[in-house]
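Open your viewer and get ready to select a few residues by number. We will go from one stop to the next, and at each stop you will hear what to look for.

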Amino acid sequence: MSFWEYVVSRHQQLLTDAYQHASVVFQCMVIATALGVLISLLTYRSPWAGNLAILSTASLLTIPSLAAIGLLIPLVGLGVPPTVITLTLYGLLPVVRNAIVGLRGVDPSLVDAATGIGMSRPARLLRVELPLAWPPILTGIRVSTQMLMGIAAIAAYASGPGLGNEIFRGIASLGSANAINQVLAGTLGIVILALLFDGAYVLLGRLTIPRGIRV
């Protein structure tokens, strides 16, 4: 069976796996973005606190993803829970680092001007600092998403959702007629999803970042 024939015969399962893969990555990125921006807002004004936040989230990436999922299985079981926890933790670093850099890079004179016209601290954050820091934050989100697309495939080890199941089935049956087709279908599916997500982020950037501050 050729690769194209395999894709046609298995298109329903491949579409289901692709949807689950995209869904879990998207949901984990929403959580990681919310947590990452919150951590950044709490730490960016203090050099040591900001550096500690970056160091702490960076240290999470030193843990092999397969080991992280394996360590979580006895605590939360198989399936979605270890997948979501692992992907969320791995997605923090680029968001935290870029948010801190973006917030620290806001021109202090603009913040002083906002204070001078009577803006409260929350208002300055929401209307001045976060909008100006949004371009590097979005870049961090894009980097995290691309990284999680690949890591999410490892979730199949813990019976997690996504295209990793197709890859693992192919690896487990190497030598059979469709083993290579399975691995190739899962891999290409992840690449296509990553490109679609990145294209969506580019469009989001064009819609939300004023032309004068695009990076």
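**First stop: Leu-87**

Select Leu-87 and show what surrounds it: setting aside neighbours within four places in sequence, Leu-87 is in contact with Val-24, Cys-28, Leu-148, Ile-151 and Ala-152. Keep in mind as you look around that this is a predicted model.

**The core around it**

Which residues have the most contacts inside the largest nonpolar core? Leu-87 is one of them, together with Val-25, Met-29, Leu-148 and Met-149. This core has 35 residues. Now colour the helices that feed it: α2, α5 (80-90), α6 (92-104), α8 (121-151) and α10 (179-208) each supply at least two residues. Among the contributors, α8 gives the most, with eight residues.

**Zoom out**

Switch to a cartoon view of the protein chain. You should find ten helices and zero strands. The C-alpha trace spans about 70 × 40 × 20 Å along its principal axes. Of the 215 residues in the chain, 41% are buried. Take the contacts with a separation of 6 or more: residues 24 or more positions apart account for 76% of them.

**The end of α2**

Next, select Thr-43, which sits in helix α2 (residues 11-43). Is Thr-43 buried or exposed? It counts as buried because its relative accessibility is 12%, and the cut-off for buried is under 20%. Show its surroundings too: not counting residues up to four places away in sequence, Thr-43 touches Ala-49, Gly-50, Ala-53, Ile-100 and Arg-104.

**Helix α9**

Move along to helix α9, residues 164-172. Select Gly-164, Asn-165, Glu-166, Ile-167 and Gly-170, which are buried in this helix. If you then show α1 (3-9), α2 and α10, you will see part of what covers these buried residues.

**A charged pair across the sequence**

Stay on Glu-166 and add Arg-10. These two form a salt bridge, with the closest N and O atoms 3.6 Å apart. How many residues apart are they in the chain? The answer is 156, with Glu-166 in helix α9 and Arg-10 in the loop between α1 and α2. Glu-166 counts as buried because its relative accessibility is 0%. Arg-10 is partly exposed, with a relative accessible area of 29%. Add Asp-17 and Arg-169 to your selection, and you have a network of salt bridges that links them with Arg-10 and Glu-166.

**Two more salt bridges**

The count of salt bridges in this model comes to five. For another one, select Glu-129 and Arg-121, whose closest N and O atoms are 2.9 Å apart. Glu-129 is buried, at 3% relative accessibility, while Arg-121 is partly exposed, at 27%.

Then select Asp-198 and Arg-142, which also form a salt bridge, with the closest N and O atoms 2.9 Å apart. Asp-198 lies in helix α10 and Arg-142 in helix α8, so this pair ties together parts that are 56 residues apart in sequence. Arg-142 is partly exposed, with a relative accessible area of 28%.

**Last stop: the surface**

Finally, turn on the surface. The accessible surface of the protein chain comes to about 11,200 Å², and 71% of it belongs to carbon and sulfur atoms. Colour the charged side chains as well: there are 12 positive and 7 negative ones, and the centres of the two sets lie 8 Å apart.

Conventions
Residues numbered from 1 in each chain as written. Predicted model: local features only at pLDDT ≥ 70, side-chain atom pairs only at ≥ 80, totals over all residues. Heavy atoms only, no water. Helix = DSSP H or I, 4+ residues; strand = E, 2+ residues; numbered from the N terminus. Buried < 20%, exposed > 50% of the residue type's maximum accessible area, 1.4 Å probe, protein only. Contact = heavy atoms within 4.5 Å. Core = buried A, V, L, I, M, F, W, Y, C linked by side-chain atoms within 4.5 Å. Salt bridge = Lys/Arg side-chain N within 4 Å of Asp/Glu carboxyl O. Areas by Shrake-Rupley, 256 points an atom, 1.4 Å probe, with all protein chains shown as cover. Lys, Arg positive; Asp, Glu negative; His and termini not counted. Charge placed at Lys NZ, Arg CZ, Asp CG, Glu CD.
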